[in-house]
Amino acid sequence: ALLPLTKGDDTSLAVWATRALGAIGPAAAKEAVPHLVEMTGSSEMELRDAAYEALAGIGAPAVPTLMQMLLEESDSRSWLAATALNKMGPAAKDATPAIIKKLRDPAGRANFEALFGAVANIGAPAKEAVADIAKVIRQPNHRAHGAAIQALLKLGAVAATPEAVDALATDGSLWAHHALAAMGPAASGAV
């Protein structure tokens, strides 16, 4: 009953129906994901954003689709996919390899803030991205320097790799010290 409402001329109704699909979660995946992917190309920004929100709400069943979108050339689709993965939390763990690939994008078009947020929200399964985050911390003028520190702060002891501890210890900012404190005894290399 909801899918037909997402296709109507009433944008407001379509947005609410799309959000309802996301609220239903994984149970809506089989029928909704292909349609939501189509909706991500909508010229209506509110409808497009609702489609990404719904994919995030569906969770793990939408991860393969969002991984493909994340690695696309389109900056806007990639950014919205990163944002959706960020909202998923641990359900997005299978996206970790795609997140790392995007962080290493030689064109430098990655949405670092959303990607670092996704790593932090995924938690321990995304630990392999910590080295990439530490590289950004070593660049104090990088546009995502603060987001990198915040990601390690949220990850806490999970992020206490030698590279991360060293990067935070040499950063010297208040947030870097908060991140080291969150790592607890695992950050003993900073002493």
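Which residues in α7 are buried? Let's start there. In this predicted model, the buried ones are Thr96, Ala98, Ile99, Ile100, Lys102 and Leu103. So helix α7 is a good place to begin. This helix covers residues 96-103. Six of its eight residues are buried, and that makes α7 mostly covered. What do those buried residues pack against? They pack against α5, α6, α8 and α9, the last of these being residues 130-137.

Now step back to the whole protein. It has twelve helices and zero strands. Read from the N terminus, every element in the run is an α. The C-alpha atoms fill a box of roughly 60 × 30 × 25 Å along the principal axes. There are 191 residues, and 49% of them are buried. Look at the contacts too. Take pairs at least 6 apart in sequence: 62% of those contacts join residues at least 24 apart.

Next, helix α4. It runs over residues 45-58 and has 14 residues. How far apart should its ends be? At 1.5 Å a residue, the span should be 20 Å. The end C-alpha atoms are 20 Å apart, so the model agrees with the expectation. Right after α4 comes Gly59, with a positive phi near 80°.

Which residues of α4 are buried? They are Leu47, Ala50, Ala51, Tyr52, Ala54, Leu55, Ala56 and Ile58. Keep the spacing in mind. An α-helix has 3.6 residues a turn, so residues three or four places apart point the same way. The cover over the buried residues of α4 includes α2 (11-24), α3 (29-39), α5 (63-70) and α6 (75-88).

Let's zoom in on Ala50. It sits in helix α4. Its relative accessibility is 0%, which is why Ala50 counts as buried. Beyond residues up to four places away in sequence, Ala50 touches Val15, Thr18 and Arg19. For a distance across the model, take Ala124. Ala50 and Ala124 are 74 residues apart along the chain, and their C-alpha atoms are separated by 29 Å.

Now cross over to helix α2 and find Ala14. Buried or exposed? Ala14 has 0% relative accessibility, so it counts as buried. Setting aside residues up to four places away, Ala14 touches Leu5, Thr6 and Leu47. Leu47 is one of the buried residues of α4. Ala14 is also ten residues from Pro4 in sequence, and their C-alpha atoms are 8.7 Å apart in space.

Next, a pair of helices. Two packed helices are described by the angle between their axes and the distance between the axes. Take α8, residues 112-122, and α10, residues 145-155. Their axes come within 8 Å and cross at roughly 5°. That angle is under 35 degrees, so α8 is roughly parallel to α10. Who meets whom? From α8 we have Glu113, Phe116, Val119, Ala120 and Asn121. From α10 we have Ala147, Ala148, Ala151, Lys154 and Leu155. Sort the residues of this contact and you get seven nonpolar, one polar and two charged.

Last, the core. How many residues are in the largest nonpolar core? It has 66 residues. Those with the most contacts inside it are Leu66, Leu152 and Met183. Pick Leu152. Leave aside its neighbours within four places in sequence. Leu152 is then in contact with Val130, Ile133, Ile137, Ala159, Ala164, Leu168, Ala179 and Met183. So find Leu152 on the screen and trace those contacts, ending at Met183.

Key:
Residues are numbered from 1 along each chain as its sequence is written. This is a predicted model: local features need pLDDT of at least 70, side-chain atom pairs count only at pLDDT 80 or more; totals for chains, interfaces and linings use all residues. Side-chain values use heavy atoms; hydrogens and water are left out. Helices (H or I, at least four residues) and strands (E, at least two) are DSSP runs, numbered from the N terminus. The expected span of a helix is 1.5 Å times one less than its number of residues. Buried means under 20% relative accessible area, exposed over 50%, partly exposed in between (1.4 Å probe, protein chains only). Contact means heavy atoms within 4.5 Å. Axes are lines fitted to C-alpha atoms, for helices over the stretch in contact, and angles run from 0 to 180 degrees between N-to-C directions. Angles under 35 degrees count as roughly parallel, over 145 as roughly antiparallel, 65 to 115 as roughly perpendicular and the rest as oblique. Ala, Val, Leu, Ile, Met, Phe, Trp, Tyr, Cys and Pro count as nonpolar, Asp, Glu, Lys and Arg as charged, and the others, Gly among them, as polar. A nonpolar core is a set of buried Ala, Val, Leu, Ile, Met, Phe, Trp, Tyr and Cys residues joined through side-chain atoms within 4.5 Å.
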